[in-house]
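Visitor: I am new to this structure and would like to be walked through it one question at a time. Could you show it to me before we begin?

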Amino acid sequence: MLKVNINGVDFKNPVIAASGTFGFGAEYNNFYDVGVLGGISSKGLTLNEKAGNDGIRIYETAEGIMNSVGLQNPGVDAFIKNELPRMKSLGTNVIANLGGGTIEDYEKAIVKLNDTDIDIIELNISCPNVKAGGMAFGIKGEVAKDIVSKVRALTNKKLMVKLSPNAENICDMAVKCVEGGADSLSLVNTFKAMAVDINKRDIIFNNKFAGLSGPAIKPIALRMVHEVSRVVDVPVIGLGGIMTAEDAIEFMMVGASAIQIGTVNFLNPRAGIEIIEGMEEFCRREGIKNINEIVGCIN
Ligand SMILES: Cc1cc2nc3c(=O)[nH]c(=O)nc-3n(C[C@H](O)[C@H](O)[C@H](O)COP(=O)(O)O)c2cc1C
């Protein structure tokens, strides 16, 4: 009933744990069998190990959270050696989320991921481009196309490109990434945001800005998924503020072939299984035999 296929990869259902909110899956496996999920996107990986940002990393805001984790991760080599075998043993699709500060970093890392049994690589282009003064790769369509095509040339793995909602023009960005060779697109990453401590007369985050996620962003994310799924012919994976099965179904009705859940995992570590059960219940109630029937049913 809930089976979907993205780029030739079978998913038992369209619910994928979003990068950076699910680690490598092991901790959540204490709350439910995470093998029931359609897939897990790993914590964002970089070529070399990263310690992440100093200062406050997570800050609650109305209907959401802001984060400035700074891609803390063990690096691609340690991931392949220590985390990937454990992730694969969980019984669900493994998506490796890859970030980087330079094109060379992405290129070296993708080559390492080629020789693994990872199902899909999710390219996070929201990272600051060190050589271009820190402006993220995912802001300008041409810059994104350049990095996607360079990575594409080095891998036969299925490439899901994760779009930033901070892009100058989300539809142009989507089209450019597909031109560069993306097999599918996931959107959205977090929104650039800011928080202030009035008593200290200072900014909350050491890096000044942080990424906003959670229910606060859902209506904007939904609009972007709707718009993007109309201008590209590759599968679109929707995320941003999904808290319930109903939210997930909204994203699918506007065009998402699958969805990801992020912030909700922090609030309710069993959200994944509850959303899957809620979607099954919706299908039974509505007489939907195949979830793909509802993808893009709203124009
Ligand atoms: C604490 C935290 C860490 C994140 N780390 C990553 C990351 O490493 N790579 C990535 O592509 N997205 C990362 N994200 C973005 C999420 O995967 C997701 O795109 C975003 O939070 C919107 O979905 P949500 O509202 O369901 O959380 C992170 C989000 C949060 C809250």
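Visitor: Which residues of strand β16 are buried on the side opposite Ala-258 and Gln-260?

Guide: In this predicted model, strand β16 spans residues 258–261 and is covered on both of its faces. Ala-258 and Gln-260 are buried on one side, and the buried residues on the other side are Ile-259 and Ile-261.

Visitor: Which residue of β16 is the bridge partner of Val-15?

Guide: Strand β3, residues 15–17, pairs with β16 in the parallel sense, and three bridges hold that pairing. Within this pairing, Val-15 has as its bridge partner in β16 the residue Ile-259.

Visitor: And which residue of β16 stands opposite Ile-237?

Guide: Strand β15, which covers residues 236–238, also runs parallel to β16, and two bridges join them. Opposite Ile-237 in β16 stands Ala-258.

Visitor: What covers the buried residues of helix α6?

Guide: Helix α6 runs over residues 245–253, and its buried residues are Ala-245, Asp-247, Ala-248, Ile-249, Phe-251 and Met-252. Just after the helix, Gly-255 takes a positive phi of about 135 degrees. The cover over the buried residues of α6 includes α5 (218–231), β15, β16 and α8 (271–286).

Visitor: Is Ile-275 buried or exposed?

Guide: Ile-275 belongs to helix α8, and, leaving aside neighbours within four places in sequence, it is in contact with Val-15, Ile-242, Met-243, Thr-244, Ala-245, Ala-248 and Ile-261. Because its relative accessible area is 2%, and anything under 20% is classed this way, Ile-275 counts as buried.

Visitor: Turning to the ligand, how far is one of its oxygen atoms from a polar backbone atom of Gly-214?

Guide: The ligand is surrounded by 26 residues, and the closest are Ser-19, Lys-162, Gly-214, Gly-241 and Thr-263. For Gly-214, the distance from a polar backbone atom to an oxygen atom of the ligand is 2.8 Å.

Visitor: How much of the accessible area of the ligand does the protein cover?

Guide: An oxygen atom of the ligand lies 3.4 Å from an N or O atom in the side chain of Asn-124, and an oxygen atom of the ligand is 3.0 Å from a polar backbone atom of Val-188. On its own the ligand has 600 Å² of accessible area, and the share of this that the protein covers is 97%.

Visitor: How many residues of the shell around the ligand are charged?

Guide: The shell divides by residue type into nine nonpolar residues and 15 polar ones, and the charged residues number two.

Visitor: What is the form of the peptide bond from Leu-187 to Val-188?

Guide: Val-188 lies in the loop between β10 (184–187) and β11. The peptide bond that leads from Leu-187 to Val-188 has omega near 20 degrees, and its form is cis.

Visitor: Which residue of β14 stands opposite Lys-192?

Guide: Strand β14, residues 210–213, pairs in the antiparallel sense with strand β6, residues 64–67, over three bridges, and there Ile-65 stands opposite Ser-213. Three bridges also join β14 to strand β11, residues 191–193, again in the antiparallel sense. In β14, the residue opposite Lys-192 is Gly-211.

Visitor: Is Glu-63 buried or exposed?

Guide: Glu-63 lies in the loop between β5 and β6, and although it is not a glycine it has a positive phi of about 55 degrees. Because its relative accessible area is 58%, where the cut-off is over 50%, Glu-63 counts as exposed.

Visitor: And Asn-7, is that residue buried or exposed?

Guide: Asn-7 is placed in the loop between β1 (4–6) and β2 (9–11), and it too is not a glycine, yet has a positive phi of about 50 degrees. Since its relative accessibility is 17%, and the cut-off is under 20%, Asn-7 counts as buried.

Visitor: Which backbone oxygen does the side chain of Thr-46 reach?

Guide: Thr-46 is found in the loop between β4 (39–41) and β5 (58–61), and it is buried, with a relative accessible area of 6%. Beyond residues up to four places away in sequence, Thr-46 touches Leu-71, Asn-73, Gly-75, Val-76, Gly-99 and Gly-100. At 2.7 Å, its side chain reaches the backbone oxygen of Asn-48.

How values were computed. Residues numbered from 1 in each chain as written. Predicted model: local features only at pLDDT ≥ 70, side-chain atom pairs only at ≥ 80, totals over all residues. Heavy atoms only, no water. Near = heavy atom within 4 Å. Polar contact = N/O pair within 3.5 Å; in protein donor to acceptor, adjacent residues only side chain to side chain. Areas by Shrake-Rupley, 256 points an atom, 1.4 Å probe, with all protein chains shown as cover. Nonpolar A, V, L, I, M, F, W, Y, C, P; charged D, E, K, R; others polar. Buried < 20%, exposed > 50% of the residue type's maximum accessible area, 1.4 Å probe, protein only. Helix = DSSP H or I, 4+ residues; strand = E, 2+ residues; numbered from the N terminus. Pairing = 2+ DSSP bridges. Contact = heavy atoms within 4.5 Å.
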